[in-house]
Amino acid sequence: MDPTSGGTAAPDPSSGVPGPSAATAGSSSASQPRQKPEGSSPPAPPSRYESQKRRDWNTFLQYLRNHKPPLTLARSSGAHVIEFLKYLDQFGKTKVHITSCPYFGHSNPPAPCSCQFKQAWGSLDALIGRLRAAYDENGGLPESNPFGARAVRIYLREVREDQAKARGIPYEKKKRKRPNVSVAVAAASVSVEAAAAGSNSGGGEGSGGDSSAAATSVAAAAATTTV
């Protein structure tokens with residue numbers, strides 16, 4: 001067709017000008033949203049410890065706001081922390097017998113009594129650890145941390161001793177037994193030396209092979225039993 005006849009002329013491939021189809025394809029691709037790379041993933045949820053620490057911190061701040069008169073975090077001290085721990089005793093689930101109770105010192109009383117429930121020492125100790133870490137994370141100075149005050153440590157020690165006496169369960173810190181690796185190595189070396197001496201004195205190839213195999217088995221058994 002003649003270009004001057006008014007019809008639409010086909011684009012010249014050598015001119016470098018894109019045709020209508022190329023322009024349409026370019027506009028449609030630009031309008032599509034960009035996809036996120038496959039490697040990106042949402043942030044991991046907080047751990048159970050972090051969630052519990054946040055709840056404990058918010059509970060303590062709420063306690064300061066409800067205090068009469070209200071307190072600020074900067075004015076709180078170890079005495080206020082002890083008051084907070086005593087306040088939590090009403091939500092405890094550990095029965096602590098008083099000295100006048102007939103079941104004082106019994107870990108498994110045969111009948112119910114009127115002694116009050118309190119927070120267990122282990123729960124209070126773990127709570128103080130989380131609050132001490134939360135105080136540092138929220139901009140508090142380590143030297144002014146009320147949860148690390150000496151009065152708080154003394155209170156926790158007294159709670160531990162009183163609950164141990166009232167329940168008849170003395171508190172003893174269990175020491176983790178370490179494997180006696182040195183004894184196993186020494187026993188293995190003695191067995192190998194004895195087997196080597198026996199093979200040298202025996203003179204036969206068969207006896208030497210049997211002695212070395214026996215030494216290896218004895219050393220492995222010694223290492224297994226001690227660890």
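## Largest pocket

Helix α5 supplies the largest share of the lining of the largest pocket, 7 residues. The volume of this pocket is about 290 Å³. Its lining has 17 residues, and the closest to the centre are V96, K118, V159, D162 and Q163. By class, the lining divides into 7 nonpolar, 5 polar and 5 charged residues.

A pocket here is an open set of points on a 1 Å grid over the protein atoms alone, where a 1.4 Å probe fits, with protein on both sides within 12 Å along at least five of seven lines; lining residues have an atom within 4 Å of a point. Volume is the space filled by probe spheres set on the points, which are joined across faces, edges and corners. Asp, Glu, Lys and Arg count as charged, Ala, Val, Leu, Ile, Met, Phe, Trp, Tyr, Cys and Pro as nonpolar, and the others, Gly among them, as polar.

## Model and fold

The model is predicted: local features need pLDDT of at least 70, side-chain atom pairs count only at pLDDT 80 or more, and totals for chains, interfaces and linings use all residues. Residues are numbered from 1 along each chain as its sequence is written, and side-chain values use heavy atoms, without hydrogens and water.

The protein chain has 7 helices and 2 strands (DSSP runs of H or I, at least four residues, and of E, at least two). From the N terminus, the order is α-α-α-β-β-α-α-α-α. Of its 227 residues, 24% count as buried (under 20% relative accessible area, 1.4 Å probe, protein chains only). Among contacts (heavy atoms within 4.5 Å) with a separation of 6 or more, 59% join residues 24 or more positions apart.

## Aromatic residues

The whole structure holds 7 aromatic pairs (ring centres within 6.5 Å). In one, the rings of Y135 and F147 have centres 6.3 Å apart and planes at 70°, so the pair is edge-to-face (over 60 degrees). Y135 lies in helix α4 (residues 121-137) and F147 in the loop between α4 and α5 (150-167), so the pair ties together parts 12 residues apart in sequence. Both Y135 and F147 are buried.

These two belong to one aromatic cluster with W57, F60, Y63, F84, Y87 and F91. Elsewhere, the charged end of R160 sits over the ring of W121, 6.0 Å from its centre (CZ of Arg within 6 Å and within 35 degrees of the ring normal).

## D56

D56 is part of helix α2 (residues 48-66). At 9% relative accessibility, D56 counts as buried. Beyond its neighbours within four places in sequence, D56 contacts L127, R130 and L131.

Definitions and conventions:
Phe/Tyr/Trp six-rings, centres within 6.5 Å; stacked < 30°, edge-to-face > 60°. Buried < 20%, exposed > 50% of the residue type's maximum accessible area, 1.4 Å probe, protein only.
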